[in-house]
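Please go through this model with the sequence at hand. The notes below take it one region at a time.

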Amino acid sequence: TGTQNQKFQQALNILNPPWRSNMEAKLKAHLLALWLNYVAGWTEGYKYKGMTAWQIIQGSENALLNNQTGMYEYWKNMCDGFNNLGGW
C-alpha cells in the first residue's frame, strides 16, 4: 500500500537488507529479485538444479508462509543461483 514512491522504497529496502540481516531477510531479498526477473520474462527457458524459476518461487514462498526457518538458507541459495544464471 502507499504511493508509488513508497512502494519503490519498500522494494528497495527488501532488496537491500542490512549487512547483518537474518536469513529470512536475505531470502526475501533474493526472492523479490527472482520475482522481478520472472515477471520481466528473463527466466523463461532456464532451470537451476532442475527447477524452474516458478518452482523456486513457490518453494521459497511456502517456506516463508509456513515458517520453515530451517529451509530459508536453502531457498535463498536457490533464488540466488537462479538469479545469477542469465547474467541479467
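## Lys-47 and its contacts

Leaving aside neighbours within four places in sequence, Lys-47 is in contact with Thr-52, Phe-82 and Leu-85. This is a predicted model. Lys-47 sits in the loop between α2 and α3. Its relative accessibility is 54%. The cut-off for exposed is over 50%, so Lys-47 counts as exposed.

One of those contacts spans a long stretch of sequence. Lys-47 and Phe-82 are 35 residues apart along the chain, yet their C-alpha atoms are separated by 7.3 Å. Phe-82 also belongs to the largest nonpolar core, where it is among the residues that touch the most other members.

## Two loop residues with positive phi

Lys-49 is found in the loop between α2 and α3. Lys-49 is not a glycine, but its phi is positive, at about 50°. At 66% relative accessibility, Lys-49 counts as exposed.

Asn-67 lies in the loop between α3 and α4. Its phi is also positive, about 55°, although Asn-67 is not a glycine. With 54% relative accessibility, Asn-67 counts as exposed.

## The nonpolar core

Which residues touch the most other members of the largest nonpolar core? They are Leu-27, Leu-34, Ile-56, Trp-75, Met-78, Cys-79 and Phe-82, out of 15 residues in that core. Three elements give two or more residues to the core: α2, α3 (53–65) and α4 (72–83).

Take Leu-27 as one of these core residues. Leu-27 is in helix α2. Its relative accessible area is 0%. Buried means under 20%, so Leu-27 is buried. Not counting residues up to four places away in sequence, Leu-27 touches Ser-60, Leu-64, Tyr-72, Trp-75, Lys-76 and Cys-79. Of these partners, Trp-75 and Cys-79 are also named among the core residues that touch the most other members. From Leu-27 to Gly-59 the C-alpha distance is 11 Å, with their positions 32 residues apart in sequence.

## How α1 meets α2

Helix α1 covers residues 4–15, and helix α2 covers residues 23–39. Their axes are 7 Å apart, and the two helices pack at an angle of about 120°. Roughly perpendicular runs from 65 to 115 degrees and roughly antiparallel starts over 145, so α1 and α2 are oblique to each other.

Which residues make the contact? From α1 come Ala-11, Ile-14 and Leu-15. On the α2 side are Ala-25, Lys-28, Ala-29, Leu-32, Ala-33 and Leu-36. By class, the contact of α1 with α2 has eight nonpolar residues, one charged residue and no polar ones.

## The salt bridge

How many salt bridges does the model have? The count comes to one. Lys-28 forms it with Glu-24, and their closest N and O atoms are 3.3 Å apart. The cut-off is 4 Å, so the pair qualifies. Side chains of opposite charge can pair when their charged atoms come close.

Lys-28 and Glu-24 are four residues apart in helix α2, so about one helical turn separates them. Are the two partners buried, partly exposed or exposed? Lys-28 is partly exposed, at 37% relative accessibility. Glu-24 is partly exposed as well, with a relative accessible area of 30%. Lys-28 thus has two roles in this account: it is in the contact with α1, and it pairs with Glu-24.

How values were computed:
Residues numbered from 1 in each chain as written. Predicted model: local features only at pLDDT ≥ 70, side-chain atom pairs only at ≥ 80, totals over all residues. Heavy atoms only, no water. Axes fitted to C-alpha atoms, helices over the stretch in contact; angles between N-to-C directions. Parallel < 35°, antiparallel > 145°, perpendicular 65-115°, else oblique. Contact = heavy atoms within 4.5 Å. Nonpolar A, V, L, I, M, F, W, Y, C, P; charged D, E, K, R; others polar. Core = buried A, V, L, I, M, F, W, Y, C linked by side-chain atoms within 4.5 Å. Buried < 20%, exposed > 50% of the residue type's maximum accessible area, 1.4 Å probe, protein only. Salt bridge = Lys/Arg side-chain N within 4 Å of Asp/Glu carboxyl O.
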